[in-house]
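This report examines a single protein model together with its bound ligand. The sequence and structure are shown first.

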Amino acid sequence: MSALFDLSGKRALITGGTHGLGMAMAKGLGQAGAHLLINGHSPAKMEQALAEYRGEGITATGHLFDVTDDKAVNAAVAGIEAEVGSIDILVNNAGIIKRTPILEMEVEDFKQVIDVDLVGPFIVSKHVGKYMVQRKAGKIINICSMMSELGRNTVTAYAAAKGGLKMLTKNMATEWARYNIQVNGIGPGYFATEQTAPIRVDGHPFNEFILNRTPAGRWGDPDDLRGTAVFLASAASDFINGQIIYVDGGILATIGKPANEA
Ligand code: GCO
C-alpha cells in the first residue's frame, strides 16, 4: 500500500513554496520522496526556504519567476524540463489576498488578486501541461479555499478568484484526463499562517468566530495538508479527476452553532 503514495523519482513544482501552506505541502511531497522545484519571487525568502528543506534532508531547487508573467513562466518551465528533468507534479499554490469592501476596492487591486490567484494557475498549468500531455502523465493540484464555496465580507476579489479556480480545475480535468493527467484541488479551511495572522489575534472577533464556526474547534495546522497533497500527487488518486478536497475541520459540513451552545 505505501508504494501507492511513494513519490520517489518524481519532480514536483510548487508555486509560492517558500513559506506557509505551500511549504507545508511541499515538505509532505518531499517526505514522500519527491524532488522539490520551489517557486517564489523573493531571493531572500528562497534562500531561507531552501536551507530549511535541505536541513530536513529534502532535495529542493529554487526557481524564481512571477506566475503572472507568461514569458517568464514559459522560459522557467522550459529551462526546468531541459536542465533538471520532467515536471511530474504541479501544485498551484501561489496566491495573495486583499481585504477591502467592494465599494472601497480599486479596480487595479481587484485585477491584481485575480491575476495572481486565477490567471497565474492558468499560465503555469498551460506551460507545464503541454509537457504532461506529450508524456501522457501528470498530476496538477490547485489550491482553492473556503471562498471557492462561501462568500465573506471584504474578500470579494479573492472569492471571485478562488471560485474561478474551482471551475478552472474542473475544466482542466475535462480536457486533460484523457492524457492520464489528474487535475484536482485542495480547499484549505482556516489555517494558522502569515496570511491569516491579522484575523487570528486573540480577542479578534473573527478569531472567536472561526473557533466557534469550525466543528474541529481549532485553526488548521499547515501540516494538516501534507497527507491530502501526497494523496493527490500520487498513484493513489489515479482515477480522481476534477475534485476539490476541502480540508477545513468541518466548516463546509455545518451551518455552525450559536456561540453559547457547547
Ligand atoms: C480570510 C482568510 C481566508 C483563508 C482561506 C480560507 O480573510 O477569510 O484569509 O481567505 O486564508 O482562504 O479558506
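The sections below describe the ligand site, the aromatic pairs and two backbone features of this predicted model.

## Ligand site

The ligand sits in the largest pocket. A shell of 14 residues surrounds the ligand, and those that come nearest are Arg99, Arg152, Tyr158, Pro188 and Gln195. By class, this shell comprises eight nonpolar, four polar and two charged residues.

Oxygen atoms of the ligand take part in several polar contacts. In the side chain of Tyr158, an N or O atom is 2.6 Å from a ligand oxygen. Pro188 contributes through its backbone, where a polar atom is 2.6 Å from an oxygen of the ligand. Tyr190 places a polar side-chain atom 2.7 Å from a ligand oxygen. On its own, the ligand has 330 Å² of accessible area, of which the protein covers 96%.

## Aromatic pairs

The model contains four aromatic pairs. One of them joins Phe206 and Phe209, with ring centres 5.6 Å apart. The planes of these two rings meet at 45°, and the pair is classed as tilted.

Both members of this pair belong to helix H6, which spans residues 205–213. Phe206 and Phe209 are three residues apart in that helix, or about one turn.

## Positive phi angles

Most residues other than glycine have a negative phi. Against this background, Lys136 has a positive phi of about 50° although it is not a glycine. Lys136 is found in the loop that links helix H4 (107–135) to strand E5 (138–143).

Asn180, also a residue other than glycine, has a positive phi near 60°. The loop that holds Asn180 runs between helix H5 (156–176) and strand E6 (181–188). Pro188, whose backbone provides a polar atom 2.6 Å from a ligand oxygen, is the residue at which strand E6 (181–188) ends.

Key. Residues are numbered from 1 along each chain as its sequence is written. This is a predicted model: local features need pLDDT of at least 70, side-chain atom pairs count only at pLDDT 80 or more; totals for chains, interfaces and linings use all residues. Side-chain values use heavy atoms; hydrogens and water are left out. A residue is near a molecule or strand if one of its heavy atoms lies within 4 Å of it. A polar contact is a pair of N or O atoms within 3.5 Å; within protein, one must be able to donate a hydrogen and the other to accept it, and residues adjacent in sequence count only if both atoms are side-chain atoms. Accessible areas come from the Shrake-Rupley method with a 1.4 Å probe; for residues, only the protein chains shown count as cover. On a 1 Å grid over the protein atoms alone, a cavity is a set of points where a 1.4 Å probe fits but cannot get out, and a pocket is an open set with protein on both sides within 12 Å along at least five of seven lines; lining residues have an atom within 4 Å of a point. A molecule sits in a cavity or pocket if more than half of its atoms lie within 2 Å of its grid points. Ala, Val, Leu, Ile, Met, Phe, Trp, Tyr, Cys and Pro count as nonpolar, Asp, Glu, Lys and Arg as charged, and the others, Gly among them, as polar. Rings of Phe, Tyr and Trp (its six-membered ring) pair if their centres lie within 6.5 Å; planes under 30 degrees apart count as stacked, over 60 as edge-to-face and the rest as tilted. Helices (H or I, at least four residues) and strands (E, at least two) are DSSP runs, numbered from the N terminus.
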